[in-house]
Amino acid sequence: GISALVELPKNCVAAAVGKELIIFRLITSDDGSEGWNVLEVKRLVDHQDNILSLVSVNDLTFVTGSHVGELIVWDALDWTKQASECNFWDSSVHPDVQPEIKLSQSPNETSVQHLTSDEECVFAAVGKGIYVYNLQMKRVIACQRTAHESSVLHIEKLPNRQLISCSEDGSVRIWELREKQQLPAEPVPTGFFNMWGFGRANKQANQAAKKMQENTPVYFLELVGDLIGHSSAVQMFLYFGELGLATCSADHLVILWKDGERESRLRSLTLFQKLAQNGDLQVKF
């Protein structure tokens, strides 16, 4: 069965069927009727396990994620692989993250449940965590290994570098991608090593490392909000911009949320307008 679909340029669609990614093209009928024909044009077999998520980044790029934590970036025009990430859970790949001691890695903890993108980065819900993959750098730039107590089912990018996620544990959380303040690199001590010419080489290497460190910003995901209201798994949500957010859960509830800070400003503005209309508002200098 088809688990996910994404629209591609040139009247094409990509369909995830098990481990395979099948490209179909929609063409007009030869007999002159108004109907369309669906023609299979290519099969991509780069994934090692079932593909669970698909997302279109732009007209040139789309991304897929699999059950064993594979993320592959594809060219949307010629359907070739541009980049891949398969080590979301590997602490050595993400040195900024505190390593977790585990006897074994459960497949559910590495599964790419959902993907979203803002054309600069791809945000992946992997197991209980959230990972930010930069498309230009072709690497993970930030992650939150334990964003929820259970699997993250749905994520969505918001304006102002924010992100919303929901989970099987019934929680809905708001995150913000922030840049970490870096400490200056420590100078290399001179002395004995300088006698043998090591000091200069180490100094040059240190300067190169410092320059690279300064030019490479480090990001992290910070929890900025927690929406408490559901008592069971939150399957997904819909974001309506300034109108708010709608979440649906296995507890048979659909909850509508509004931005409290914005609503407070609107209520205050309405109150001042009514006072001004009634003549009760007197401006004092």
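A residue counts as buried here when its relative accessible area is under 20%.

**Figure 1. Welcome to the whole chain, shown as a predicted model.** By that cut-off, 39% of the 285 residues of the protein chain are buried. The chain is built with four helices and 19 strands. About 17500 Å² of the protein chain is exposed, and carbon and sulfur atoms supply 52% of that area. Looking at contacts between residues at least 6 apart in sequence, 42% join residues at least 24 apart.

**Figure 2. A look into the largest nonpolar core, which has 17 residues.** The members that touch the most other members are Val 63, Leu 71, Val 73, Phe 88, Leu 115, Val 122 and Tyr 133. Several strands each supply at least two residues of this core: strand 7 (71-75), strand 9 (112-117), strand 10 (121-126), strand 11 (129-134) and strand 12 (139-144). Strand 10 gives the most, with three residues. Elsewhere there is a second, separate core of 16 residues, and Ala 4, Val 6, Leu 8 and Ile 23 are among them.

**Figure 3. Tyr 133 and the residues it touches.** Set aside residues up to four places away in sequence, and Tyr 133 still touches a varied group, including Leu 71, Val 73, Ala 83, Ser 84 and Glu 85. Also in that group are Glu 120, Cys 121 and Val 122, together with Lys 138, Arg 139 and Val 140. Tyr 133 and three of these contacts, Leu 71, Val 73 and Val 122, appear among the core members that touch the most others.

**Figure 4. The open sheet of strands 9-10-11-12.** These four strands follow one another in that order, with antiparallel pairing. Strand 9 and strand 12 are the edge strands with a single partner each, so one side of each has no neighbour in the sheet. On average, neighbouring strands are turned by 20 degrees against each other, direction ignored. In the middle of the view, six bridges pair strand 10 with strand 11 in the antiparallel sense. To follow one of these pairings, find Phe 123, whose bridge partner in strand 11 is Val 132.

**Figure 5. The open sheet of strands 5-6-7-8.** Four strands form this sheet too, and their pairing is antiparallel. Its edges are strand 5 (51-56) and strand 8 (81-85); each has a single partner strand, so one side of each is left without a neighbour in the sheet. Neighbouring strands here are turned by 20 degrees against each other on average, again with direction ignored. Strand 7 and strand 8 run antiparallel and are joined by four bridges. Leu 71 makes a handy landmark, since it stands opposite Glu 85 in strand 8.

**Figure 6. Where is the one aromatic pair of the structure?** Phe 62 and Trp 74 form it, with their rings stacked at 6.3 Å centre to centre and 15 degrees between the planes. Phe 62 belongs to strand 6 (residues 61-66) and Trp 74 to strand 7, so the pair ties together parts that are twelve residues apart in sequence. Both Phe 62 and Trp 74 are buried.

**Figure 7. Is Thr 61 buried or exposed?** Thr 61 has a relative accessible area of 10%, so it is buried. This residue lies in strand 6. Beyond its neighbours within four places in sequence, Thr 61 is in contact with Ser 56, Val 73, Trp 74, Ala 76 and Gln 82. Pro 9 is 52 residues away along the chain, and its C-alpha atom is separated from that of Thr 61 by 9.9 Å.

Definitions and conventions:
Residues numbered from 1 in each chain as written. Predicted model: local features only at pLDDT ≥ 70, side-chain atom pairs only at ≥ 80, totals over all residues. Heavy atoms only, no water. Core = buried A, V, L, I, M, F, W, Y, C linked by side-chain atoms within 4.5 Å. Buried < 20%, exposed > 50% of the residue type's maximum accessible area, 1.4 Å probe, protein only. Contact = heavy atoms within 4.5 Å. Pairing = 2+ DSSP bridges. Axes fitted to C-alpha atoms, helices over the stretch in contact; angles between N-to-C directions. Areas by Shrake-Rupley, 256 points an atom, 1.4 Å probe, with all protein chains shown as cover. Phe/Tyr/Trp six-rings, centres within 6.5 Å; stacked < 30°, edge-to-face > 60°.
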